[in-house]
Amino acid sequence: MIKNRICHFTCAHEADDVRVFQKECVSLAKAGFEVYLVAPNAKSELVDGVHIVGVPSPSMNPLYRLFFLSRKIYKKTCKIDANIYHFHDIELFWFGLKLKKAGKRVIFDSHEDWPQYVNEIVWLPSFFRRIFYKLLVHQYKRKLHKFDRVVTVSPHIASNMSLYSNCNIEIVTNYPILSSNLNTIERSDYTNRKNVLCYSGTVYRNTCQQEIIQAIQSIDNIEYKIIGKIDPQYKLTLKSYDIRNKVTFIDWVSKSELIELYKKSSIGIIIFEYSPNVGFKQGTMGNNKIFEYMYAGLPIVCTNFSLWNELIVDKYNCGISVRPKSVDNIRDAIAILCENKNLAYEMGRNGQYAVFNEFNWDTQKQNLLKIYSDLLFK
């Protein structure tokens, strides 16, 4: 066993996942650690200093991941014989505990508030939701403290997890990686743009798309681009609200194509319903899309979560927060930004400053490196 050998493993994320690979694994490799990433259906190769180890999987269905793929991933991780193991999915919880029993140091990276997340899985019958919820809470109370560190992305998740167990919890959130691809925008460039509203990311049913589409129907000269994976049935439902054909669905784009779409947009929108997984009205700091919009210089229209209001919208004056289910409130916010391009431009500039100054991966990378330093060298 090599003292600075680290193994990240996941059964739900792709090998090039932004948080797992681009942020955490690459940062650790650049810091001098020997880093491995075990991920499903990946090509085994060395990328940016990270040893990618692929595990073939015929399905990425959640139940298949839980009952079959997780074990395959675990068996592969055992062959790496790392000093620290860092896993990213609740399906791997029990295998993380097995590694602890084998004398390894283990980090559980909880991207979601998993007990609350289970309560929101619409395809899972309510009876099974209750069973999985109780099982997770029971395991958290009995086992969570056994991990050397629990890493999460938002204060509300850290607070909830501390109720279950007296464990070592650290926050490493999902702020964007700064690069030279997105520069500050000239005022004339922005004010001459068409009114283009954009949403990027998986299109979940709790993202208030119906309300957004209804809100823009009475606003002239506006387009709405929805960029991301979407359930076909939900897509049909959304199209039924688009009575004036203002909405364009884009299933997938590369990172460079997404940047170009941002450059042609005028507003970034991210409106989640109040729900347990995002801390109800408190909100989450773990969603990276809001910071992507800000980094691109776009004013934001977002949910009036208390965290977002206090730490982002009010502090930096970079957008307008709204009640998530209020069509009128959403319409008014969008209309203000469309009708006042100079105001919208200033908000976009403020958002960029906020990302450069505070909400960037460099600030979180230091938290991550300190966790590893504490585990390895103290």
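In this predicted model, N206 sits in the loop that links strand 9 (195–200) to helix 8 (209–216). Setting aside its neighbours within four places in sequence, N206 is in contact with E120, I271, F272, E273 and S275. One of these contacts spans a fair stretch of chain: N206 and E273 are 67 residues apart in sequence, yet their C-alpha atoms are 5.4 Å apart in space.

Strand 9, which leads into the N206 loop, belongs to an open sheet of 6 strands. The order of that sheet is 11-10-9-12-13-14, and the pairing is parallel. Strand 11 and strand 14 (319–322) take the edge positions; each has a single partner strand, so one side of each is left without a neighbour in the sheet. From one strand to the next, the twist averages 20°. At the strand 14 end, strand 13 (residues 300–303) and strand 14 run parallel and are joined by 4 bridges. Within that pair, I300 has G319 of strand 14 as its bridge partner.

Helix 13 lies across much of this sheet. The strands it crosses are strand 9, strand 10 (222–227), strand 12 (267–270), strand 13 and strand 14, and helix 13 runs at about 170° to strand 14. Helix 13 (residues 327–339) also packs against helix 14 (residues 341–357), at an angle of about 100° and with the axes 5 Å apart. The two helices are therefore roughly perpendicular. On the helix 13 side the contact involves I336, L337, C338 and E339, and these meet K341, L343, A344 and M347 of helix 14. Sorted by class, the residues of this contact come out as 6 nonpolar, 2 charged and no polar.

Then there is the other sheet, also open, with 8 strands. Here the order is 3-4-2-1-5-6-7-8 and the pairing is mixed. Strand 3 (45–47) and strand 8 (169–171) stand at the edges with a single partner strand each, so one side of each goes without a neighbour in the sheet. The twist averages 25° from one strand to the next.

Two of the pairings in this sheet can be followed residue by residue. Strand 2 (residues 34–40) and strand 4 (residues 50–55) run parallel, held in register by 6 bridges, and Y36 has H51 of strand 4 as its bridge partner. Strand 5 (residues 84–87) likewise runs parallel to strand 6, with 4 bridges joining them; in this case Y85 stands opposite V106 of strand 6. As for strand 6 itself (residues 105–110), 5 of its 6 residues are buried, so the rest of the structure largely encloses this strand. In a regular strand, side chains alternate between the two faces of the sheet.

A second helix pair is made by helix 2 (residues 62–80) and helix 3 (residues 93–101). These pack at an angle of about 25°, with their axes 10 Å apart, which means that helix 2 is roughly parallel to helix 3. The crossing of helix 2 and helix 3 is right-handed. S70, R71, Y74 and C78 make the contact from helix 2, and F95, K98 and L99 make it from helix 3. By class, the residues in the contact of helix 2 with helix 3 divide into 4 nonpolar, 1 polar and 2 charged.

Lastly, a couple of backbone oddities turn up in loops. D48 has a positive phi of about 50° although it is not a glycine. This residue is found in the loop between strand 3 and strand 4. With a relative accessible area of 54%, D48 is above the 50% cut-off and so counts as exposed. N245 is another non-glycine residue with a positive phi, of about 55°, and N245 lies in the loop between helix 9 (232–241) and strand 11 (247–250). The relative accessibility of N245 is 67%, so N245 counts as exposed.

Methods
Residues are numbered from 1 along each chain as its sequence is written. This is a predicted model: local features need pLDDT of at least 70, side-chain atom pairs count only at pLDDT 80 or more; totals for chains, interfaces and linings use all residues. Side-chain values use heavy atoms; hydrogens and water are left out. Axes are lines fitted to C-alpha atoms, for helices over the stretch in contact, and angles run from 0 to 180 degrees between N-to-C directions. Angles under 35 degrees count as roughly parallel, over 145 as roughly antiparallel, 65 to 115 as roughly perpendicular and the rest as oblique. Contact means heavy atoms within 4.5 Å. Ala, Val, Leu, Ile, Met, Phe, Trp, Tyr, Cys and Pro count as nonpolar, Asp, Glu, Lys and Arg as charged, and the others, Gly among them, as polar. A crossing is left-handed if the near helix is turned anticlockwise from the far one by less than a right angle, and right-handed if clockwise. Two strands pair if DSSP finds at least two bridges between them. Buried means under 20% relative accessible area, exposed over 50%, partly exposed in between (1.4 Å probe, protein chains only).
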